[in-house]
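Student: I would like a close look at a single part of this model. Please take me through one sheet and its surroundings.

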Amino acid sequence: MRERTTIVLAMGRELNAWKKPFLISSAVVLAVVAIGMTALVLSSGGDQTVTYQLGLVDDPPAAVERDIQELLHPDGRVMTERFPSLTEAEAALANREVDALVVGDDEVVWGPSTSNGLANAVWLAVSNQQVRDTAAGLGLTAEEANRLIHPEIESRAVESPEAGSVADEVLAAISVILMFMAILAYGQWIGYAVVEEKANRVVELLLGAIKPHHLMLAKVLSIGLLGLVQIVAIGTLALTIGLASDRLEIPAASASIVVWVIVWFLLGYAFYGSLYAAGGSLASNNQEAGSVIGPMSILVGIGYVLGLITISGGVDTLLIRVTSFIPFWAPMLMPGRIARGWAENWEIAVALGVMIVAGLTMIRLAGRIYVGGVARATSKVGWREAFRTGTDLTE
Amino acid sequence: MKNRTGPLTLAIIRGMCHHEPVLRLDGLSKRFGDVIALADCSLSVAPGQMLGFLGPNGAGKTTAMRTIFGLVRPDRGRVTWEDSELTTSVRRRIGYMPEERGLYPKMRVRKQLVYFGRLHGLDLPSAEQAVDRWLEVFDLTDRANAKVVELSHGNQQRVQLAASLVHDPMLLVLDEPFAGLDPIAVVTMARILREQAERGIAVLFSSHQLDLVEDLCDDVAIINAGQVILSGRVAQLRSASPKRYLEIATSGPVDPSWIDQLPGASLVESRDDRIRLLVDEDANLEMMASAATQAGEISSFTLEPPRLSEVFTSAVGR
């Protein structure tokens, strides 16, 4: 109970210490995401709906107007205007005030501004009405009439296996970038938080009251919590903007991709966060920290580059498939592969299993190294020496 | 957590003073590569005892103190509290002031002290109450909301000591607590340490200011090359030395050249109105007094055992 209290206290201090950088970085990242998503929405071809003016004379049946709306959707829609006489309607058509006319239930009039799309929709809608009327005259039911209009034809399309939708690609790219930024940023925060306490020698005071493993755990948990909050906020914002706009076609799988990104962030963060904590414990000041933390950041960077190559290349190569199982890079590669629909279920399951085992092993190894390194204040400690002098989490 | 050391407990502790050591460093050895930091180092501290831990630079004082907090794992030997292994829960009842001061520079003074109090087991109201009390004692109340980095060196030192005291510890381990303090702060710090010892708190502190240690401590342990080579009551250590010193104070400046003719005496120190001589065991004191009288008007003539600093120098062979 007492141990839990000290961990919570240490977490509270850590959260407080990182509050300002977290708020600033969150504001910047969220602003970038908002701007990026808005630009994406505006540049996407989705909401280029054309509005047509349709003139109605002699009360055409309501079904005609409804059919025209359905046939034009989602690229166009019609606004209707009723005219008391055909003469007036044709004058408006000639002046481009309306784009086409429907007269009664059996006549259509085209004008100078009639587009092919509108003409096809109007022609088909009036034809459908004719079919309905004829069918009714023959004693057919409305359902039978509809079957005449909409015969059951099975249609499907064959796509190239390498080609995904633009939205899939965007999601995959976002997941790779997000994962890289989050693991790099929050991992480094942990590293520097450990170095700071060591350089200030405040860690010597702390270790009299809290076990070193618990101190490391408090850091990893609290900074990870900030990372999680930021990722969820980014995901929520991106999805909200996407869903709020009817221009961008958000794939149904988007929500599940966001969940996968969170899952892989947690796993990747546990792995790298522990590694960064161990690395930070070896340095005695910020200058030394760079030489220890730098190589780890390069590891994360390799995953990022591989991830971007994957996404932009559009091909699930053997190299990418294999490296997406390696714990150092799986967090950056797997969410992208999942987003592109390339990862088989068994691959996801195996990669998850490997990552969980690797994460637990890393926490244990890093814990031992942290204990061996954090109390050695005088000079930089080697990995091997810290491991040798450290103690296991269970001790 | 409030009143963990009540009046009855204190009375018992006072009764125990200097009898049963609570903290023991027993046969500690530690090597860092080729450097032997500790070599069979042993010492103990009892409740109410103020133990000065002395030694030249690099003798192993800091390493020995760090073993108490698990910051150094000895290769051999053990550190015990009441004959049991030191656990984290016991360590939480110890106040520590590391040699290189350790505080969060950007954290505010009061907030930081409350945090340390809570980490060491106090609940929030008790921690706040204790912090406010210590801030007042150290005359830091008006700097309570300042960041540590904004304080002067002396005030940072006070905050550091407050951090070691805030949780009402059973033992204080202070590594060079007087280093860098101005004379007024030294007096304040010494008073506080004495008060703590009088309350029954065991105090272990290292210092190079030997005169101050002599004034403050009843007991000392002298460490050299990783080993405690001398320990005990200051008075006993001084009187156990075969050396004797003659301190002659005069009412005016005295030329010390007359000492050259004195058999069995050698000049140790000479100031305007004070001469200190190292005298042989069989030296003729009457003759010396007579010679001194001829040299000038004597205001005091004292034969005394070596000072602590002389015991120390002799022990470490420097």
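Tutor: Here is a walk through a sheet in chain B, followed by a hairpin in that chain. This is a predicted model: local features need pLDDT of at least 70, side-chain atom pairs count only at pLDDT 80 or more, and totals for chains, interfaces and linings use all residues. Residues are numbered from 1 along each chain as its sequence is written, while chains are lettered from A and ligands numbered from 1 in the order in which they are written.

The sheet is open and has four strands (E runs in DSSP of at least two residues, numbered from the N terminus). Their order in chain B is β12-β13-β11-β14, with antiparallel pairing (two strands pair if DSSP finds at least two bridges between them). At the edges stand β12 (265-271) and β14 (298-304) of chain B; each has a single partner strand, so one side of each lacks a neighbour in the sheet. From one strand to the next, the twist averages 15 degrees (axes are lines fitted to C-alpha atoms, for helices over the stretch in contact; angles run from 0 to 180 degrees between N-to-C directions).

Now take one pair. β11 (residues 244-250) and β13 (residues 274-279) of chain B run antiparallel, joined by six bridges. Opposite B:Y245 stands B:L278 in β13(B).

A helix (an H or I run of at least four residues) packs on this sheet: α10 (residues 285-295) of chain B. Helix α10 touches β11, β12 and β14 of chain B (contact means C-beta atoms, placed from the backbone, within 7 Å). The direction of α10 makes about 155 degrees with that of β14(B).

Next, the hairpin. β9(B) and β10(B) form it, with two residues between them. Strands β9 (residues 219-224) and β10 (residues 227-233) of chain B pair antiparallel over six bridges. B:D219 has B:R233 as its bridge partner in β10(B). In the turn, B:A225 has a positive phi of about 50 degrees.

Technical notes:
Two residues are in contact if their C-beta atoms, placed from the backbone, lie within 7 Å.
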